[in-house]
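Colleague: I'm new to reading protein models, and I'd love some company. Could you walk me through one, feature by feature?

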Amino acid sequence: VTFAGTGIILGAGIYALLGEGAALAGNAVWLAFLISAGIALFTGLSYAELSSMFPRASAEYEYTAQSFGRKIAFIVGWLIILSGVIASATVAVGFGGYVADLFSVSPIPSAILLIAALSLLLCIGVRESASVAVVFTLIEAGGLIFIAVVGIPYLGRVDYFEMPSGVDGLLQASALLFFAYLGFEEIVKMSEEAREPEKTIPRGLMLALLTSIVLYIAASISAVSVTGWQMLSATAAPFSVVAQVAVGDLGSVLLSAIALFATANTVLLMMYAASRIIYGMAESFSLPRVLARVHPVRRTPWVAILVIAVFTILFVFAGDIGFIANLTNYTLFVAFIAINGAVIVLRFTRPLMIRPFRVPLSVGAFPLVPLFGILSSILLLVQLDAVVLLIGVIITLIGAVIAFANIRYGRESP
């Protein structure tokens, strides 16, 4: 679980979005990663408590259904599914950018081929997908460690608090780079395929998140030390540029190749997680039952996987990687407000329920960490571009209309 979780997180943003973040935060991009990390930890702890109480593949849908009812749960599940689809498309485009850097080809066909190949792997089986994920995780972690090491001779050459757009730029970068931590919330979707999930999932989630935070901050400090924020912000393959300056052409090729594994791994695991929540919601009769269909031999939810693949390919054509990353962040920030709220509500409505993992720091029965999670999610939400917010609100309203139309796809399970 820790390897898979680390694999989802690591490739999700830093390989694809470091340049975009540097353009906003300057040499203080490492500080933007740190701010985002704090917010991820608040919500990560809430996920850990909820996953220990309700270890089910439908995850966020189940948590909010237990605390706010099925209509709100549908809206949250809807947003989480969309975040998985949009995020997979974002990172697939990042994959295409590194392919273009290596072979001078268009990134879009490369992204589509990647999605098709990974969909086939997911249909083949969980064990096969997990084995690939572990190998890819080791490779991508090695790439970040490599960047951190080659930057050591350059440490101290830049002002690490240089922010061309001031604090506003830093907060905007934090909102964007939160995408780099996207994936910690997907770990809970593995609950029905993990041993002792009420203990394994919270531990794996926190270990994956802490590992990623350390690697991100070390790699981002190293990157700006080598090139400065101006050079980073001018490329779609930032680590390739850093390696070229520090090591030469061979280093550039090596990092571009590692970035292919990193971004492919994230797409694989995000598509896995999105297909599992669709499967879980279909099992709960909130989506058509056909989406819960499992292959008789491979035991994988193949219909849900194919649906995710089709919609992911459609979002590949959305264009600007920064825009679609921020749209993903919108869906997550709104969902995280509900998830943190669920922890607070359940502390009062089900105080005696067993919690194998319990969020620390409370005043009486009121947990403080989920409150910080709500406030910090709102803080980053308002940093998003007005167009992103408008499209995000429309997406949310569509989910609300479906939810309150009270559509049920079958009988309630016993």
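Colleague: Let me start with one residue: in which helix does Leu-306 lie?

Modeller: Leu-306 lies in helix α12. Helices here are DSSP runs of H or I with at least four residues, strands are runs of E with at least two, and both are numbered from the N terminus. Before we go on, remember that this is a predicted model, where local features need pLDDT of at least 70, side-chain atom pairs count only at pLDDT 80 or more, and totals for chains, interfaces and linings use all residues. Residues are numbered from 1 along each chain as its sequence is written, and side-chain values use heavy atoms, with hydrogens and water left out.

Colleague: Is Leu-306 buried, exposed or partly exposed?

Modeller: We go by relative accessible area, found with a 1.4 Å probe on protein chains only: under 20% is buried, over 50% is exposed, and in between is partly exposed. Leu-306 has 39% relative accessibility, so it counts as partly exposed. Its C-alpha atom is 9.8 Å from that of Met-271, although the two are 35 residues apart along the chain.

Colleague: Which loop holds Leu-361, and is Leu-361 buried or exposed?

Modeller: Look in the loop between α13 (321–349) and β1 (362–363). With a relative accessible area of 56%, Leu-361 is exposed. Its phi is also worth a look: near 65 degrees, a positive value in a residue other than glycine.

Colleague: And what about Leu-287, where is that found?

Modeller: Leu-287 is in the loop between α11 (249–283) and α12 (302–316). This leucine is buried, because its relative accessibility is 15%.

Colleague: How do I judge the length of a helix, say α3?

Modeller: Take one less than the number of residues and multiply by 1.5 Å; that is the expected span. Helix α3 covers residues 29–53, and its 25 residues reach 36 Å from first C-alpha to last, close to the 36 Å expected. Now try helix α2 (residues 14–25): a straight helix of 12 residues would span 16 Å, but α2 spans only 14 Å between its end C-alpha atoms. Just after α2 comes Gly-26, with a positive phi near 65 degrees.

Colleague: How many residues of α2 and of α3 are buried?

Modeller: In α2, nine of the 12 residues are buried, so this helix is mostly covered. Among the buried ones are Ile-14, Tyr-15 and Leu-17. In α3, 20 of the 25 residues are buried, so that helix is largely enclosed by the rest of the structure.

Colleague: What does Ser-51 in α3 touch?

Modeller: Contact means heavy atoms within 4.5 Å. Leaving aside neighbours within four places in sequence, Ser-51 is in contact with Tyr-63, Val-188, Glu-198, Ile-201 and Pro-202. Ser-51 is buried, at 0% relative accessibility. Its side chain also reaches the backbone oxygen of Ala-48 at 3.0 Å.

Colleague: Where does the chain go after α3, and what does Phe-54 touch there?

Modeller: Phe-54 sits in the loop between α3 and α4 (60–68). Phe-54 is buried too, at 7% relative accessibility. Beyond its neighbours within four places in sequence, Phe-54 is in contact with Glu-62, Tyr-63, Gln-66, Leu-346, Arg-350 and Met-353.

Colleague: How do I describe two helices that pack together?

Modeller: Two packed helices are described by the angle between their axes and the distance between the axes. The axes are lines fitted to C-alpha atoms over the stretch in contact, and angles run from 0 to 180 degrees between N-to-C directions. For helix α9 (residues 197–232) and helix α10 (residues 238–246), the axes come within 9 Å and cross at roughly 95 degrees. Under 35 degrees counts as roughly parallel, over 145 as roughly antiparallel, 65 to 115 as roughly perpendicular, and the rest as oblique. So α9 and α10 are roughly perpendicular to each other.

Colleague: Which residues of α9 and α10 meet?

Modeller: Those in α9 include Ala-219, Ala-223 and Met-231, and those in α10 include Pro-238, Phe-239 and Val-242. The residues of this contact divide into 11 nonpolar, one polar and no charged. Here Ala, Val, Leu, Ile, Met, Phe, Trp, Tyr, Cys and Pro count as nonpolar, Asp, Glu, Lys and Arg as charged, and the others, Gly among them, as polar.

Methods
A polar contact is a pair of N or O atoms within 3.5 Å; within protein, one must be able to donate a hydrogen and the other to accept it, and residues adjacent in sequence count only if both atoms are side-chain atoms.
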